[in-house]
Amino acid sequence: MKQEPLQKWSCPSRLLLAIAYTYIGISVGHAQETSPEVSMATVFVIGGEEKLTSLGGAGQILGKKELEDSHVFTVNEALRKVAGVHARDEEGFGLRPNIAMRGLNPIRSTKITLLEDGLALAYAPYGDNASYYHPMVDRYERIEVLKGASSLMFGPQTVGGVVNYITPAPRQAFGGYVQGVIGNRDYINSKVSIGGKGLNLDYGQKQGDGARENMAHKLDDLNIKYSTELSERQAITLRTNIYKEDSVQTYSGLTQAEFDNLGSSYNPFKNDRFEAQRTGLSITHDFLINDQTSLITSVYYSKFDRDWWRQASNSQDGQCAALNPSRLAGIAINPDCCNSIQGRLRSYETWGIEPRITVTHSLGEFQAGARIHFEEQNRKQINGTSPTARSGTLAENNLRNTSAYSGFMANRFEIGKFSITPIARYESIKAERNNLLTLQKGENNVYAFTPGLSATWNPTDLLTFFTSLHKGFAPPRVEDLIGSTGTVTDVSKEKSKNFEIGFRLQPMKRVSLQGAYFRNAYDNLIAVGSIAGGSTPLSQGKGLFEGVELVASADFSTGVFSRLAFTWLPTAEQTEAFRNVSTGATVNSQGKRQAYAPEDTLTAAVGYEMGAYKGELEAQYVGSQYSDFANTVTPTADGQMGEIAAYTVWNAALNYRVDKALSAFVTGKNLLDKTYIVDRTRGILVGMPRLIQIGVKYAF
């Protein structure tokens with residue numbers, strides 16, 4: 001897409017790079033000191049399993065073995081293995097995941113912090129934290145999920161939690177693998193990974209049909225990672241990745257009559273197209289200043305371009321209004337009869353620097369960090385006058401800028417078998433919006449100080465009790481802070497008081513349990529605003545979420561293994577009537593349950609390993625949910641409201657190792673081919689039909 005040139009290297013940008021290069025130059029000057037071996041420069045939110053004993057909050061790690069053996073198809077499937085996480089499907093491929101924690105609305109993953117190797121994964125985490133892009137889950141070998149006060153060390157979203165995806169460490173010895181997978185629904189997945197001497201190159205291509213008709217996806221994902229020691233006290237990791245998506249993809253869901261009469265797979269919008277490319281670059285430098293002090297500094301940059309041409313943004317919008325009566329009646333339509341298509345064209349650039357220091361001392365460990373972060377959004381809308389147009393009238397042309405300065409400090413004091421960690425984070429955010437059509441502009445500032453406290457007690461080496469209390473924060477989007485005319489809107493930052501208490505137990509070798517009670521009270525909770533079609537107003541109010549999480553895993557010497565992740569959320573209450581920010585009118589009844597907050601979710605798996613064979617059977621259960629503020633039960637004609645029934649999806653995997661180099665597998669997702677609704681936000685969306693896939697992997 002063509003857009004006006006962005007101000008790529010503004011004064012803050014040049015200053016940022018100057019600081020980064022100066023820092024690296026100074027640290028190289030200290031390289032002559034001798035010290036123990038330096039590990040690869042990477043930022044973790046938890047680290048290894050051994051770190052859990054000192055973690056004052058709930059945390060879970062999905063390891064390489066678990067992800068590989070179950071051959072997860074999407075990141076949604078993977079994260080449903082984590083207690084407290086609700087991951088909702090959309091198009092079936094996991095390309096635009098909707099992830100939430102502890103009852104929050106999962107729409108576009110806006111209320112959590114997504115990281116990759118400890119660095120921001122979202123294209124605009126401060127100004128527009130919406131996941132219209134997400135890498136293939138195949139890119140990652142491990143996933144860390146963190147909740148509680150420790151999330152204040154990352155941010156900016158600290159009301160929910162943190163998901164950190166870990167890419168494979170570069171190889172030292174030459175080696176790699178090739179893998180090919182085929183399946184029904186025209187599915188092909190091929191990947192090659194090769195590396196040595198600190199360099200890794202991974203390339204994957206995935207394509208196939210989505211959950212409905214006229215949905216076809218093609219993805220390319222290239223990742224290069226290089227790590228080396230600059231000296232005995234320094235290491236550096238360089239990363240670059242290029243991701244491309246070319247999809248036939250609609251934004252609209254189904255009306256109730258379309259779902260009932262034409263089937264769950266019906267989708268007439270064959271002319272809708274989603275094309276995206278993201279390029280990411282980062283440098284992480286690890287400097288062991290002395291035996292007690294380490295400094296990790298990351299410099300990062302990403303560019304994300306997205307063109308989404310579509311003829312409908314929800315099941316009853318006005319773009320092709322002449323087709324709406326037929327849609328409400330469940331009569332098949334021909335979108336070629338509508339001489340309209342809208343191009344939502346977006347370009348985002350994000351860059352920043354983030355140093356983090358860790359100092360061990362006689363009383364425990366001190367950590368501190370800072371972040372200087374910039375975002376630039378260039379947003380256009382072009383209205384075409386034919387079903388397949390790719391040009392037309394420019395209806396929107398907005399430039400939005402965000403600059404953020406943040407920092408945190410934490411100190412873990414260790415007193416015998418106890419530890420206590422006070423922590424505090426500060427955010428200073430400036431948002432600017434410039435309407436290039438009307439030349440109207442405006443700016444707004446958001447500030448937040450969020451303290452927290454966590455503690456652990458380890459009465460034995462096998463048992464840990466933990467608790468944490470912190471204030472959570474999430475910044476509003478630029479478009480919510482500043483109207484299209486440049487006026488400041490009456491929307492507040494999201495604020496919460498988050499409490500948890502729980503335990504971790506290892507009663508016997510290779511058996512582990514974690515349980516937690518949580519209570520998150522929101523002084524201000526922002527309900528999803530614009531959903532492109534404008535069907536839901538920007539609203540804010542108060543909420544309370546309260547529940548219990550349980551995680552268990554066992555791997556017995558007999559070959560039997562099992563795992564479980566359970567969440568019970570009895571309270572997800574709108575404690576104050578939410579109000580429309582623009583009009584002040586209330587949009588719900590106080591005391592109703594929050595939308596898209598199932599009372600219980602459960603993922604349970606059991607498997608058996610015998611010789612060269614290893615198989616498992618897994619059930620993923622999601623309880624019933626409401627889809628609107630009023631807790632409407634009976635479906636509305638447009639499909640956008642109504643209770644979403646509970647569902648269970650069964651998955652299976654069978655692995656066979658031929659020899660040390662060659663292995664084969666077969667997987668089944670949604671084995672019973674169940675039809676189930678996952679979302680009603682823009683009309684009815686359904687989960688992926690049954691998938692059967694066969695693959696071969698050869699390592700060298």
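Biologist: How far apart do the centres of the positive and negative side chains of the chain lie?

Modeller: This is a predicted model, in which local features need pLDDT of at least 70 and side-chain atom pairs count only at pLDDT 80 or more, whereas totals for chains, interfaces and linings use all residues. Residues are numbered from 1 along each chain as its sequence is written, and side-chain values use heavy atoms, with hydrogens and water left out. Counting Lys and Arg as positive and Asp and Glu as negative, without His or the chain ends, the chain carries 71 side chains of each sign. With each charge placed at NZ of Lys, CZ of Arg, CG of Asp or CD of Glu, the two centres are separated by 1 Å.

Biologist: Which cysteines form the disulfide that the structure holds?

Modeller: A disulfide is taken as a pair of cysteine sulfur atoms within 2.5 Å, and the structure holds 1. At 2.0 Å between their sulfur atoms, and with a left-handed link of -85 degrees about the S-S bond, the partners are Cys-320 and Cys-338.

Biologist: How many residues apart in sequence are the parts that this pair ties together?

Modeller: Cys-320 sits in the loop between β14 (293–310) and α5 (324–329), while Cys-338 sits in the loop between α5 and β15 (341–361). The pair therefore joins parts whose separation in sequence is 18 residues.

Biologist: Is Cys-337 buried or exposed?

Modeller: Both Cys-320 and Cys-338 are buried, meaning under 20% relative accessible area, with over 50% as exposed and partly exposed in between (1.4 Å probe, protein chains only). Cys-337 is in no disulfide, the nearest cysteine sulfur being that of Cys-338, 8.8 Å away. Because its relative accessibility is 60%, Cys-337 counts as exposed.

Technical notes: Helix = DSSP H or I, 4+ residues; strand = E, 2+ residues; numbered from the N terminus.
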